[in-house]
Amino acid sequence: MLRITVHDNPESLTFQLEGRLAGLWVRELEGCWRSTAASQGKPVLRFDLTGVTFIDAAGRRFLAAMHRLGAEFVAADCLTKAVVAEITKSPFLGCGRPKREGKSQT
């Protein structure tokens, strides 16, 4: 399931996504984007992916197409950040390794 919330601000149009960006839900998002963004002339198109739990190949293709149109992405977790880095061809610095407690071994 995918929940789509549209935040229409004077300076941006943000699609807040929650759930799985996969399968038929990608088509639903595309339809929502077409009907909403087509009637808007916002300078910034943004996809908030902080609530996304899974992205399949169709979801990646959609996000890549949106990136080519100039969309921005907001991501919070490691996997989503990695997908965004792959799509935008930007460096992925990772999310860091958890630090071990205790004495270091030298």
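This section describes the salt bridges of the structure, the packing of helices α2 and α3, and the surroundings of T80. The model is predicted.

Side chains of opposite charge can pair when their charged atoms come close. A search of the whole structure identified four salt bridges, three of which are described here, beginning with the pair formed by E30 and R34. The closest N and O atoms of E30 and R34 are 2.8 Å apart. Both residues belong to helix α1, which spans residues 24-37, and their separation of four residues corresponds to about one turn of the helix. E30 has a relative accessibility of 28% and is therefore classed as partly exposed, since the partly exposed class lies between the limits of 20% and 50%.

A salt bridge is also formed by R46 and E72, with 3.1 Å between the closest N and O atoms. Because R46 is located in strand β3 (residues 44-55) and E72 in strand β4 (residues 72-74), this pair ties together parts of the chain that are 26 residues apart in sequence. R46 is partly exposed, at 23% relative accessibility, and E72 is likewise partly exposed, with a relative accessible area of 37%.

R60 and E86 form a further salt bridge, in which the closest N and O atoms lie 3.1 Å apart. Here distant parts of the chain are linked, with R60 in helix α2 (residues 57-68) and E86 in helix α3 (residues 78-88), 26 residues apart. R60 has a relative accessible area of 30% and counts as partly exposed; E86, at 48%, also counts as partly exposed.

The helices that carry R60 and E86 pack against each other. Two packed helices are described by the angle between their axes and the distance between the axes. For α2 and α3, the angle is about 50 degrees and the axes are 9 Å apart, so the two helices are oblique to each other. Their crossing is right-handed. In the contact, R60, L63, A64 and H67 of α2 meet V83, E86, I87 and T88 of α3. The residues of this contact comprise four nonpolar, two polar and two charged. R60 and E86, which form a salt bridge, are thus among the residues at which α2 and α3 meet.

Helix α3 also contains T80. At 5% relative accessibility, T80 is classed as buried, because values under 20% define that class. When neighbours within four places in sequence are left aside, T80 is in contact with L49, V52, I55 and A75. Of these, L49, V52 and I55 fall within the range of strand β3, residues 44-55.

Definitions and conventions: Residues numbered from 1 in each chain as written. Predicted model: local features only at pLDDT ≥ 70, side-chain atom pairs only at ≥ 80, totals over all residues. Heavy atoms only, no water. Salt bridge = Lys/Arg side-chain N within 4 Å of Asp/Glu carboxyl O. Buried < 20%, exposed > 50% of the residue type's maximum accessible area, 1.4 Å probe, protein only. Contact = heavy atoms within 4.5 Å. Axes fitted to C-alpha atoms, helices over the stretch in contact; angles between N-to-C directions. Parallel < 35°, antiparallel > 145°, perpendicular 65-115°, else oblique. Left-handed = near helix turned anticlockwise from the far one by under 90°. Nonpolar A, V, L, I, M, F, W, Y, C, P; charged D, E, K, R; others polar.
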